[in-house]
Amino acid sequence: MKFINVGFGNMVAVDRIISIVSPDSAPIKRLVQSAKDDCRVIDVTCGRRARAVIITDSEHVILSAIQTETIANRLDGNDNGNDDVDDTLDPDA
């Protein structure tokens, strides 16, 4: 079974992930609130702002402080070791 780091040493099984989405849209905010009401949210943000919402096949919703692009890169095996991607700090940009 393969795991990916979703921030602060927390791991999620790759086979269980259905989607990784941004928490900014209204439908995702409603989905997160509904999952909170049903006690299906796993918050691994350590008090920081959620930057990605991971939806699993067991209908659990995982809130991560890592950006969606970073988690997607980790799924593809292109992890550069950074927990946060900020294009403004990239010297090649």
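1. A residue counts as partly exposed when its relative accessible area lies between the buried limit of under 20% and the exposed limit of over 50%. Arg16 falls in that class, at 38% relative accessibility. The structure discussed here is a predicted model.

2. Arg16 forms a salt bridge with Asp57, and the closest N and O atoms of the pair are 2.6 Å apart. This contact links distant parts of the chain: Arg16 lies in the loop between β2 and β3 (17-21), while Asp57 lies in the loop between β5 (52-56) and β6 (61-64), 41 residues apart. Asp57 is partly exposed, with a relative accessible area of 41%.

3. The structure holds 2 salt bridges. Besides the Arg16 pair with Asp57, there is a contact between the side chains of Asp38 and Arg40, with an N to O distance of 3.4 Å. Asp38 has a relative accessibility of 47% and so counts as partly exposed. As a general point, side chains of opposite charge can pair when their charged atoms come close.

4. Strands β1 (residues 3-7) and β2 (residues 10-13) run antiparallel and are joined by 4 bridges. Within this pairing, Gly7 stands opposite Asn10 in β2. The hairpin made by β1 and β2 has 2 residues between the strands, and Phe8 there takes a positive phi near 55°.

5. The surface carries a nonpolar patch formed by Met1, Phe3 and Met11, with about 380 Å² of accessible area together. Phe3 belongs to strand β1. Its relative accessible area is 43%, so Phe3 is classed as partly exposed. For patch membership, a residue needs over 30% relative accessible area and no salt bridge, and the 43% of Phe3 is the value to set against that area limit.

6. How many disulfides does a search of the whole structure find? The search returns 0. A pair would need its cysteine sulfur atoms within 2.5 Å to be counted. Two cysteines can still be described by their accessibility. Cys39 has a relative accessible area of 69% and is therefore exposed. Cys46 is also exposed, because its relative accessibility is 52%, against a limit of over 50% for that class.

7. For a check against the model, three places may be inspected. One is the contact of Arg16 with Asp57, at 2.6 Å. Another is Phe8 in the hairpin of β1 and β2, with its positive phi. The third is the nonpolar surface patch of Met1, Phe3 and Met11.

How values were computed:
Residues are numbered from 1 along each chain as its sequence is written. This is a predicted model: local features need pLDDT of at least 70, side-chain atom pairs count only at pLDDT 80 or more; totals for chains, interfaces and linings use all residues. Side-chain values use heavy atoms; hydrogens and water are left out. Two strands pair if DSSP finds at least two bridges between them. Buried means under 20% relative accessible area, exposed over 50%, partly exposed in between (1.4 Å probe, protein chains only). A salt bridge is a side-chain nitrogen of Lys or Arg within 4 Å of a carboxyl oxygen of Asp or Glu. Patches are made of residues with over 30% relative accessible area and no salt bridge: like charges are joined within 9 Å, nonpolar side chains (Val, Leu, Ile, Met, Phe, Trp, Tyr) within 5 Å. Accessible areas come from the Shrake-Rupley method with a 1.4 Å probe; for residues, only the protein chains shown count as cover.
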